[in-house]
Amino acid sequence: MQTTSELMACNPFLSYRISISFSSLCKTLSPLLRTSISFPTRSPQFNPIRFHSRSMMANSFSWDDVFRISQADNDLDDSSDLQGFFERVKACNRGCEKKSEFIPFVIEQQIVGYIHNRFANHLREFHNVFDFLEDKSYSSHFGGYITLNPSLKSSEDRTEAVADVINCLGGLIPGTRNELYPVTSSFGKPEFFSLERAAAPYFGIKVYGIHMNGYVNKDGNKFLWIGKRSEVKPTFPGMLDHLVAGGLPHGITCKENILKECEEEAGLPRSISNRAVPVGVVSYMDINGYSFKRDVLFCYDLELPDEFIPTNQVQLNVTDGEVESFKLVPVTHVMNIIRRVEFFKPNCSLVITDFLFRHGYISPENDGYLQLLQSLRSGDCS
């Protein structure tokens, strides 16, 4: 069996070029929201051409493109090849060799995050909030760590002081949302303070989230409800997403968050969302510049009734407007999309890949099965 590194180095992953016009193929597709895609057999006009998937990224595709990519097939495309899935995992786990550039962020003798040494220079100006101490016990390349000033004793004082710093830093931390994430050493442990969501990767704190696979069983075949993110979203605009997903903010449990997000993002009533089943986690560690993401995503499955259709009635304030539209897509076609192109928000690809394992779409007969399964939990699951 090949190792992960060998798999990463093998043949380029397969995907396909999108035609300029889809009018001849997709005249029957409804432009309205809340529709499901019907996937017919390949038409006589259908003649896909291979292309490298990185040539088509977010913000440059439509549902017509998704439809075309999901069906594209030829004799050279081996559906058992897991290379494309490894590429998606790799996209969420960049920069591990740069961890030495970060300084431990310590609260009450517990490492709660990691701060890039150059970003830390901006924090040195705030002497009444941050202390820089020399101590080699935390295995830092810089021989020390960052902590909060001991005068900040309560969670409320710490939260307010750090928030003031973030406001002062302005453009260094873009996209502030006034949404707080808990700062803790691990899940379920005491919260030391709360931090602005947009600042989480700059302080390298562990961030937890919930992602739900909403699927339908039809005549023995499974279909996934897929959302397309709003074009005005500050992060990953226009990309494909789960039916329901969100971060786990301060002061709410995973179960409560699932119920809330189901209602806000898909118009799912609690009578249905209460049946969501927790099925495990995926995790990743991604370093990009000053950003250090250490995310753990709690995964849920929810089998939905055939008659349910997600809603996005922004004008009625029923949902939050984060999703532009939804489509119901055969799971086998979702597989094709993930392994061929980067249309999904990166961490969604990991959660759906986990779904594919658990529902038997990826099997031990696939070369690289165990390596891919292990790679879905590349981050620290604590």
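How many of the 10 residues of helix α3 (residues 83-92) are buried? Eight are, and the helix is mostly covered.

## Overview

The model is predicted. The protein holds 11 helices and 15 strands. Of its 382 residues, 53% are buried. About 17500 Å² is exposed, and carbon and sulfur atoms supply 50% of that area.

Contacts reach far along the chain. Among those between residues at least 6 apart in sequence, 71% join residues at least 24 apart.

## Helix α3

The buried residues of α3 are Q83, G84, F85, F86, E87, R88, V89 and C92. Charged residues are on that list, including E87 and R88.

## F105 in strand β3

F105 sits in strand β3, which spans residues 102-107. Its relative accessibility is 0%, so F105 counts as buried. Leaving out residues up to four places away in sequence, F105 touches Q110, I111, V112, G113, Y114, I115, F130, I146, T147, L148, F193 and F203.

One of these partners is I146. F105 and I146 are 41 residues apart along the chain, yet their C-alpha atoms are separated by 4.8 Å.

## S185 in a loop

S185 belongs to the loop between β7 (180-183) and β8 (193-196). Is S185 buried or exposed? S185 is buried, because its relative accessible area is 18% and the cut-off for buried is under 20%.

Beyond its neighbours within four places in sequence, S185 contacts Q110, I111, V112, F192 and K206. Q110, I111 and V112 also appear among the contacts of F105.

## E108 and its partner in α5

E108 lies in the loop between β3 and β4 (110-116). Its phi is near 50 degrees, a positive value in a residue other than glycine. E108 is partly exposed, at 46% relative accessibility.

The E108 side chain meets that of R158 in a salt bridge, 3.0 Å from N to O. R158 lies in helix α5 and E108 in the β3-β4 loop, so the pair ties together parts that are 50 residues apart in sequence. R158 counts as buried, with 9% relative accessibility.

## The negative patch

Helix α5 covers residues 155-169 and includes D157. E156, D157, E160 and D164 form a negative surface patch. D157 itself is partly exposed, at 36% relative accessibility.

## D219, another positive phi

D219 is found in the loop between β9 (206-218) and β10 (221-229). D219 is not a glycine, but its phi is positive, about 50 degrees. At 82% relative accessibility, D219 counts as exposed.

## The salt-bridge network

The whole structure contains 11 salt bridges. Which residue forms a salt bridge with D354, with the closest N and O atoms 2.9 Å apart? The partner is R358. Both residues lie in helix α10 (residues 346-358), four residues apart, about one turn of the helix. An α-helix has 3.6 residues a turn, so residues three or four places apart point the same way. D354 is buried, with a relative accessible area of 5%. R358 is partly exposed, at 32%.

D354 also meets the side chain of R377 in a salt bridge, at 3.7 Å from N to O. R377 lies in the segment after α11 (369-375) and D354 in helix α10, so the pair ties together parts that are 23 residues apart in sequence. R377 is partly exposed, with 31% relative accessibility. Salt bridges with shared partners join D301, D354, R358 and R377 into one network.

How values were computed:
Residues are numbered from 1 along each chain as its sequence is written. This is a predicted model: local features need pLDDT of at least 70, side-chain atom pairs count only at pLDDT 80 or more; totals for chains, interfaces and linings use all residues. Side-chain values use heavy atoms; hydrogens and water are left out. Patches are made of residues with over 30% relative accessible area and no salt bridge: like charges are joined within 9 Å, nonpolar side chains (Val, Leu, Ile, Met, Phe, Trp, Tyr) within 5 Å. Accessible areas come from the Shrake-Rupley method with a 1.4 Å probe; for residues, only the protein chains shown count as cover. A salt bridge is a side-chain nitrogen of Lys or Arg within 4 Å of a carboxyl oxygen of Asp or Glu. Lys and Arg count as positive and Asp and Glu as negative; His and the chain ends are not counted. The place of a charge is taken as NZ of Lys, CZ of Arg, CG of Asp or CD of Glu. Helices (H or I, at least four residues) and strands (E, at least two) are DSSP runs, numbered from the N terminus. Buried means under 20% relative accessible area, exposed over 50%, partly exposed in between (1.4 Å probe, protein chains only). Contact means heavy atoms within 4.5 Å.
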